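Visitor: Please take one part of this model and look at it closely. I would like to know what surrounds it and how it fits with the rest of the chain.

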Amino acid sequence: MDVDYRLAFDLAPIGLCLSRNRSIVDCNRQLCEMFGFSREVLIGQSFMTLYPTPDEYERLGARMAPILNAKGHYADDRIMKRASGEVFWCHVTGRALNREAPHEAGIWSFEDLSSQRPVKAELTAREREVAARLLDGMTSKEIGKTLAISHRTVEIYRARLMRKYKANTTADLVHKLTAGQ
């Protein structure tokens, strides 16, 4: 049986992209539809185009590199940005083709989570990072270690999230973040 790998890549039901030095080398139709860009616009662009802020792009890239180096792969849920400026929750999974130089080349998948988890509140970049880690079930100390900030600072951000989402407990906040309430 002959398999047309290009056609399989292009028609995959999730967003796929090949990268080199954190720039998009190739991408499929689903990725273009998800982010609202044409393939011609995305090819050659930095992944920064898909992030809410340049700061989030830089911080996440720095945090991913050692994990990609050690494990060869990385996955998380994060808030990304469409061409329209709309932000949305996205599950991102990637594999470095060379662990020694994790950003040199890779393959990435993107799954739009907005139908299950809409973004309802206006969040800062750091609030988005803390929210994503809370959804992973991490404690304030674990989040602080991951983000290289104190656990007390994490608690301040968690308190802000609780006010914005009108949550009484962390469990209530996680439920509201998940449900997009």
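Guide: Start with one salt bridge. The side chains of R128 and E56 meet there, at 2.5 Å from N to O. The model is a predicted one.

R128 belongs to helix 5, which spans residues 125-135. The helix is mostly covered: 11 of its 11 residues are buried. Charged names stand in that buried list, among them R126, E127, R128, E129 and R133. The list also includes the nonpolar A125, V130, A131, A132, L134 and L135. An α-helix has 3.6 residues a turn, so residues three or four places apart point the same way.

What do the buried residues of helix 5 pack against? Helix 4 (54-71), strand 3 (73-81) and strand 4 (87-96) are partners. Helix 6 (140-147), helix 7 (151-164) and helix 8 (170-179) are partners too. Just after helix 5, G137 takes a positive phi of about 85°.

Now the domains. The domain assignment gives domain 1 as 5-112 and domain 2 as 125-179. Their centres, taken over C-alpha atoms, are 24 Å apart. In contact across the interface are 11 residues of domain 1 and 10 residues of domain 2. About 900 Å² is buried between the two domains, and carbon and sulfur atoms give 49% of that area. On the domain 1 side, R59, R63 and W89 supply 57% of the area buried against domain 2, more than any other three residues.

The charged links come next. Across the interface of domain 1 and domain 2, the rule finds four salt bridges. Two residue pairs are in polar contact between the domains, both at pLDDT 80 or more. Helix 4 and strand 3 each supply at least two residues to the side of domain 1 that touches domain 2. The residues on that side divide into five nonpolar, one polar and five charged.

One more arginine deserves a stop. R82 lies in the loop between strand 3 and strand 4. Is R82 buried or exposed? R82 has a relative accessible area of 12%, so it counts as buried, the cut-off being under 20%. The side chains of R82 and S114 are joined by a polar contact of 3.3 Å. Leaving aside residues up to four places away in sequence, R82 touches M34, F35, F37, F88, D112 and S114.

Methods: Residues are numbered from 1 along each chain as its sequence is written. This is a predicted model: local features need pLDDT of at least 70, side-chain atom pairs count only at pLDDT 80 or more; totals for chains, interfaces and linings use all residues. Side-chain values use heavy atoms; hydrogens and water are left out. Buried means under 20% relative accessible area, exposed over 50%, partly exposed in between (1.4 Å probe, protein chains only). Helices (H or I, at least four residues) and strands (E, at least two) are DSSP runs, numbered from the N terminus. Contact means heavy atoms within 4.5 Å. Domain bounds come from an automatic or database domain assignment. Buried area is the accessible area (1.4 Å probe) that two parts lose on being put together, summed over both. A polar contact is a pair of N or O atoms within 3.5 Å; within protein, one must be able to donate a hydrogen and the other to accept it, and residues adjacent in sequence count only if both atoms are side-chain atoms.
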